Amino acid sequence: MGVWGTKPWDSDEASDWFSSFFDGIDVDDRIAAAFATDDDYDQIRAASYLLAVLGRSYIWPGDLDRLDALLERGIELLTRMVEPGSDFRDLYDDDLQVVAAVRAEIAELEARLDGDDEGDEDQDLDEEEDDEE
């Protein structure tokens, strides 16, 4: 078994498991369908969350050739949602915590698009420091 890191997906066996877990589900089409309308905000955020969590080349259960386009579409939709005066912001009474949460989601998708898991490593370091205290 090949192991190349400490993340739950950083081994051959884990990558295979992730791949088989999603057998029979067309993840790309489901994400694309969630992004088909600009105003189904809950669906857009849920699909974006899955992209942020699973949008890594070793575990993406869909077509890697489509992943970047899906990440870009998620970033585009979430960015529109947090623009001043958007219907989304009106729906949430311009709640700055909600806006900040969506901006954090955008940053996660941008990190995936850049192939950057650095944010994960920073989080792991913080958790390790908490464990030591």
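This report describes the salt bridges, helix packing and nonpolar core of one protein structure. The structure is a predicted model, and every value below was computed from it.

**Salt bridges**

A search through the whole structure turns up eight salt bridges. Three of them are set out in the table, each with the distance between nitrogen and oxygen.

| Pair | N to O distance | Place |
|---|---|---|
| Aspartate 38 and arginine 80 | 2.7 Å | loop between α2 (27–34) and α3 (41–54); helix α4 (residues 64–82) |
| Arginine 73 and glutamate 76 | 3.3 Å | both in helix α4 |
| Arginine 112 and glutamate 108 | 3.0 Å | both in helix α6 (residues 96–113) |

What does the salt bridge between aspartate 38 and arginine 80 tie together? Aspartate 38 belongs to the loop between α2 and α3, whereas arginine 80 belongs to helix α4, so the pair connects parts that are 42 residues apart in sequence. Both partners are partly exposed: the relative accessible area is 42% for aspartate 38 and 33% for arginine 80.

The other two pairs each lie inside a single helix. Arginine 73 and glutamate 76 are three residues apart in helix α4, which is about one turn of the helix, while arginine 112 and glutamate 108 are four residues apart in helix α6, again about one turn. An α-helix has 3.6 residues a turn, so residues three or four places apart point the same way. In the α4 pair, arginine 73 is partly exposed, with a relative accessible area of 21%, and glutamate 76 is also partly exposed, at 33%. In the α6 pair, arginine 112 counts as buried at 6% relative accessibility, whereas glutamate 108 is partly exposed at 31%.

Some of these residues belong to a wider arrangement, since a network of salt bridges links Asp38, Arg73, Glu76 and Arg80.

**How the helices pack**

Which residues of helix α1 (residues 12–21) are buried? They are Ala14, Ser15 and Phe18. When the helix is viewed down its axis, these buried residues fall within an arc of 100°, so they line one face of α1. Glu13 and Asp16, on the other side of α1, are exposed. The buried residues of α1 pack against α3.

Helix α2 can be described in a similar way. Its buried residues are Val27, Asp28, Ile31 and Ala34, and they cover an arc of only 130° around the axis, which puts them on the same side of α2. These buried residues of α2 pack against α3 and α4.

**The nonpolar core**

The largest nonpolar core has 29 residues, and those that touch the most other members are Ile31, Phe35, Leu51, Trp60, Leu78 and Leu109. At least two residues of this core are supplied by each of α2, α3, α4 and α6, and the largest share, eight residues, comes from α4. Ile31 therefore appears twice in this account, as one of the buried residues of α2 and as one of the core members that touch the most others.

Phenylalanine 35 shows what such contacts look like for a single residue. Leaving aside residues up to four places away in sequence, phenylalanine 35 touches Ile44, Ala47, Ser48, Leu51, Leu70, Arg73, Gly74 and Leu77. Among these, Leu51 is listed with phenylalanine 35 as a core residue that touches the most other members, and Arg73 belongs to the salt-bridge network.

**Two single residues**

Aspartate 10 is placed in the segment before α1. How far away is the nearest side chain of opposite charge? Lysine 7 is that neighbour, at 6.1 Å, and aspartate 10 has no salt bridge although it is buried. A salt bridge here requires the nitrogen and oxygen to be within 4 Å. Aspartate 10 does have a polar atom in its side chain that lies 3.4 Å from the backbone nitrogen of threonine 6. Not counting residues up to four places away in sequence, aspartate 10 touches Gly2, Val3, Trp4 and Gly5.

Tyrosine 49, by contrast, is found in helix α3 and is exposed, with a relative accessible area of 55%. Tyrosine 49 and isoleucine 106 are 57 residues apart in sequence, and in space they are 9.7 Å apart from C-alpha to C-alpha.

Note on methods: Residues numbered from 1 in each chain as written. Predicted model: local features only at pLDDT ≥ 70, side-chain atom pairs only at ≥ 80, totals over all residues. Heavy atoms only, no water. Buried < 20%, exposed > 50% of the residue type's maximum accessible area, 1.4 Å probe, protein only. Arc of directions from axis to C-beta. Contact = heavy atoms within 4.5 Å. Core = buried A, V, L, I, M, F, W, Y, C linked by side-chain atoms within 4.5 Å. Lys, Arg positive; Asp, Glu negative; His and termini not counted. Polar contact = N/O pair within 3.5 Å; in protein donor to acceptor, adjacent residues only side chain to side chain.
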